[in-house]
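Trainee: I am new to this model and would be grateful for a close look at one part of it, namely its salt bridges. Please then lead me on from there to the surroundings.

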Amino acid sequence: MTVSDDPADGTMGPSMVDTAALPRTGDGGRAGDRLDEPARAGRSPWTPSVPLGKAHLRAAGERIAAASPETWISLLVVAASAGWVFWTLHPDLLLTENTPTGGDMGAHVWGPNYLLHHLLPQARVTGWSPDWYAGFPAYQFYMVVPSLLVVAVHVGVRNIAVVPAVAAALGLAASGWVVPALGRWRRPLLVAGLLLALMWVPVPYGISFKLVTASGLVTLPVAACAFGKLSDLPFPVPPVLAVAALFFVYNREPTLNSGTGNIIGGNMASTMAGEFAFSISLSIAVVYLGVLVRGFRTGRHRAAAAGLLALCGLCHLIPAFFALVATALALAVWPGRARLRWLLPTMPVAGLLSAFWVLPFLGRSDFVNDMGWEKLPQPGSTAADGSEQTVWDYLVADALRWPLVIAAVGLVVAILRRQRPAVLLAACAAVAGAAFVWIPQARLWNARVLPFYYLALFLLGGVAVGLVLREVAGAVALARRRERPGPAVASAGAVVTLLAALVFLGLPLGRLPGGSYDASGQPTWLGLTRSYRNDVPGWAEYNYAGLEGKEPAGPGATLPEGQGGWPEYRDIVATMDRLGADADHGCGRAFWEYGEDRLGSYGTPMALMMLPYFTDGCIGSMEGLYFESSATTPYHFLMQCSLSEKGSCAQRDLAYGSFDLDRGLDQLELFGVKYYMAFSTTAVAAADASPRLTPVAASGPWHVYRLAAGASALATPLQYEPVVMDGVDDAQDEWLDPSAAWFMAPDRWPVPLASSGPDEWARVTLPAAPERTDDGTERRIGDRPLPEVPRRAVPPAVVSDISAGDDSLSFSVDQVGTPVLVKASYFPNWEVSGADGPYRVTPNLMVVVPTAREVSLHYGRTSLDWLALVLTLAGIVGFVVLARRPPIAMPVPSRRHPEASRRWEAPPPTGPPSLGVPPPPGYGPPVLFDQDADAHPNPGGQVPTPPLAPNDSSRHEPPPHPR
């Protein structure tokens, strides 16, 4: 065989191999023939090598029968690991149609439904929603792909066409095995076909939502095994990695700060708290790393890597940051110009593919709210032993010490065996740990990097166990004087590892068949008892039982017996729905009093955020889930503490006040709120005594009041001209402080402060704000002086015929030139006709200056949005180009590998499968990982080895020991 090097790009393609020098195989073809090579002369690449039918079924059966014991054991361990996760999530509840609840998850239910019924019909995946925060940009700052997946699973084909649709999807899944030209894509086609088959079968909405929320957890063991296989880690490491992933899924460390330490992303506790997008993205990131390593060694898979990285970011940004950092570390572990050439087009294509969402996110980041998460450990926080917390309480928690030891063993063994994927995992853990320590107080909460530290540790521990099992198998073979051992020892070790992990994890989870709890509450099973108890399956049961499964309070509860639960929640939602349908009252925004115990009895303190969901958008909620997605969020929490006996005051560092109904009603009027809902004795008594409120309904403990019609109008004329703040732009960090100070001083409201405006509007400069108050404490946001502003009166005007839609608002005026306050949250995508503006004014509303009697506003697409769409189209083109490009020439692995256990590797199958069906890509001997020799490029990272003839008895002999 002769090989030539193409000086143009350094790659070697099929045309550069002298096929005449390759030996013949039993069916007359060349030994070098592969599914991804050009078809033989005289036959179309799109036709099977033999007619479809029994022959191909027989060939598929022979391939399955010829699968190695290692393959079957890997499948068993991975399936059992994923199945165990699914079992602990309570399959009976997962497959019950209801409304999921619990933590943030109970409000996430709103999102895919709004996407399905409001955004997708407009051919948009991001857009405006009036349902929360007086309107906010839906999915502008929160990842949209998981919600799209919920929609895809839910909708399906709802007629008889589902039968041919599913059949076509299954045909697509099988096409890579029967059409030679598609052979190289057989695995992606299989996954795509099966996903399409699932998506084309309609599934009830609640079940669809729950299945997607569970998907990241169930697939993580599969992703971990895929990482091991793609990285060419030797058996039994890949299936053991699937087992190691279970320890991450059920990890509850660190259990500090009332559990905050273990709901930071990726594990089951975080997912049940609502972070299911994170766990989905994390599984994709793990598979991406495997494809990256495989690409670094073979020169292939650039398109797959780009697609996976883009998908990772579109599911959740933080795991995408981890994937990018891991990419840089991989380039350090596998250095070389060839790897850099592989990477250079891959990263831009990934960025372009995700540009439709990422670019607007970055371009509008000024409007992202910061909830003020404080860096861990917080000063003054105590550890379990009462001492002050340190970073070691998070990095070396008690339950993580043995995993750290095992991971260290794995790193040492991997270095001795030159298994660089393990070095990559160790580097990821080290960088994540260092980032946790050194990330400053900023928008990115340093606790968010801890999941990657924990996951890398557990996977490195899996590498340790797998490599030790491999060494034991090799030692057994040498003791029996065999050239190589059979798979029994390593396979048995993988199965034992799985069983031991299931018992170790399952006992405190309380999900082992026959398990129970003793009198002291400790889990016990077959005489085994553990003092540690892990209640995350109970959290899953709580969430997936749904709102409908929440019972009223019983004896000893924080609420009076018989109150709370689904009956009370159902009744207040029905009451609000009836008010909206009543012509005397109608649709509008509602503000509900916060009370953790009462709201929590419904399934989550966020339950009433679902008012728009249950009333088809008629009744909006002033509070919503996506706290960072709206610049109006801080003002909601300021109102909440004015109108609740015990407000959550969730956003840190704001200058909150105590309960003050009159001030709170002023604030509600400013935001155009129609209904005030109260339940506490304090709030109800104050509301009953207020002449500004009219009682309109009651349901259980809830009293519903309506504000005056004029006060809750969504557009009102101004008395005075707004004043522009010089030196203050739209960045939330600059805007929030003076705006919050203005919001808490109603006497200033006649003159709104603006970030920009016509030249004739007056300008003022803000006085310097002190860092600390007079008593020496740190100043809170909004606790600052504001300048005196001029009051320039404008001609009085009347606003009428106000009409609001999902993403539009229109009205009429009798006087042009008089500024009109539009009580909808400001965002740059708002466009106006018949007026100048819109201009952003305090607190986060809009002002327009009518130039005509009819004024209309619409939430449109800006040039940034159109540019993002064009770039994504370019990314799709780049993806196709990458998929069609030949592989990059990679250094040939050295054959001087010191690993003695190479002797006991089973020889690869030789010759093509029977019946003339071409072998799958990669059919041939495995290649060891070792040092690279840049002087010997090879496109596949492999040395082509002629297969043995089918009747050659030497195939039963062990391969020679590498020299």
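Mentor: Asp571 is partly exposed, because its relative accessible area is 36%. In this predicted model, the side chain of Asp571 meets that of Arg570 in a salt bridge, with 3.5 Å from N to O. Arg570 likewise counts as partly exposed, at 40% relative accessibility. As a general matter, side chains of opposite charge can pair when their charged atoms come close.

A second pair to examine is Arg784 with Asp737, a salt bridge in which the closest N and O atoms are 3.5 Å apart. Arg784 belongs to the loop between strand 14 and strand 15, while Asp737 sits in helix 29, so this pair ties together parts that are 47 residues apart in sequence. Are these two partners buried or exposed? Arg784 is buried, because its relative accessible area of 15% falls under the 20% limit. Asp737 counts as buried too, at 12% relative accessibility. Elsewhere, Asp662, Asp666, Glu669 and Arg692 are joined into one network by salt bridges that share partners.

The structure holds 17 salt bridges. One of them brings together the side chains of Arg652 and Glu374, at 3.5 Å from N to O. Arg652 lies in the loop between helix 26 (633–643) and helix 27 (661–670), and Glu374 in the loop between helix 16 (355–363) and helix 17 (392–395), so the contact ties together parts 278 residues apart in sequence. With 27% relative accessibility, Arg652 counts as partly exposed. Glu374, at 33%, is also partly exposed.

Let us return to helix 29, which carries Asp737. This helix, residues 732–743, makes a right-handed β-α-β unit together with strand 12 and strand 13. Strand 12 (residues 723–726) and strand 13 (residues 753–754) run parallel and are joined by two bridges. Within this pairing, Val723 of strand 12 has Leu753 as its bridge partner in strand 13. Strand 12 also pairs in the parallel sense with strand 14 (residues 763–765), over three bridges. Here the bridge partner of Asp726 is Thr765, in strand 14.

The loop that holds Arg784 leads on to strand 15. Strand 15 belongs to an open sheet of four strands, with the order 15-16-21-18 and antiparallel pairing. Why is one side of strand 15 left without a neighbour in the sheet? Strand 15 (799–804) stands at an edge, as does strand 18 (830–833), and each has a single partner strand, so one side of each has no neighbour there. On average, neighbouring strands of this sheet are turned by 15 degrees against each other, direction ignored. Four bridges connect strand 15 with strand 16 (residues 808–813), and the two run antiparallel. Val799 has its bridge partner, Val813, in strand 16.

For a contrast with charged pairs, consider a nonpolar surface patch. Trp402, Val405, Ile406, Val409, Val465, Val468 and Val472 make this patch of about 580 Å². Helix 18 (401–416) and helix 20 (450–479) are the elements that give two or more residues to the patch. Helix 18 provides its largest share, four residues. Trp402 is found in helix 18 and counts as exposed, because its relative accessibility is 65%.

Conventions: Residues numbered from 1 in each chain as written. Predicted model: local features only at pLDDT ≥ 70, side-chain atom pairs only at ≥ 80, totals over all residues. Heavy atoms only, no water. Pairing = 2+ DSSP bridges. Right-handed = clockwise from strand over helix to strand, strands pointing away. Patch = residues over 30% accessible without salt bridge, like charges linked within 9 Å, V, L, I, M, F, W, Y side chains within 5 Å. Areas by Shrake-Rupley, 256 points an atom, 1.4 Å probe, with all protein chains shown as cover. Salt bridge = Lys/Arg side-chain N within 4 Å of Asp/Glu carboxyl O. Buried < 20%, exposed > 50% of the residue type's maximum accessible area, 1.4 Å probe, protein only. Axes fitted to C-alpha atoms, helices over the stretch in contact; angles between N-to-C directions.
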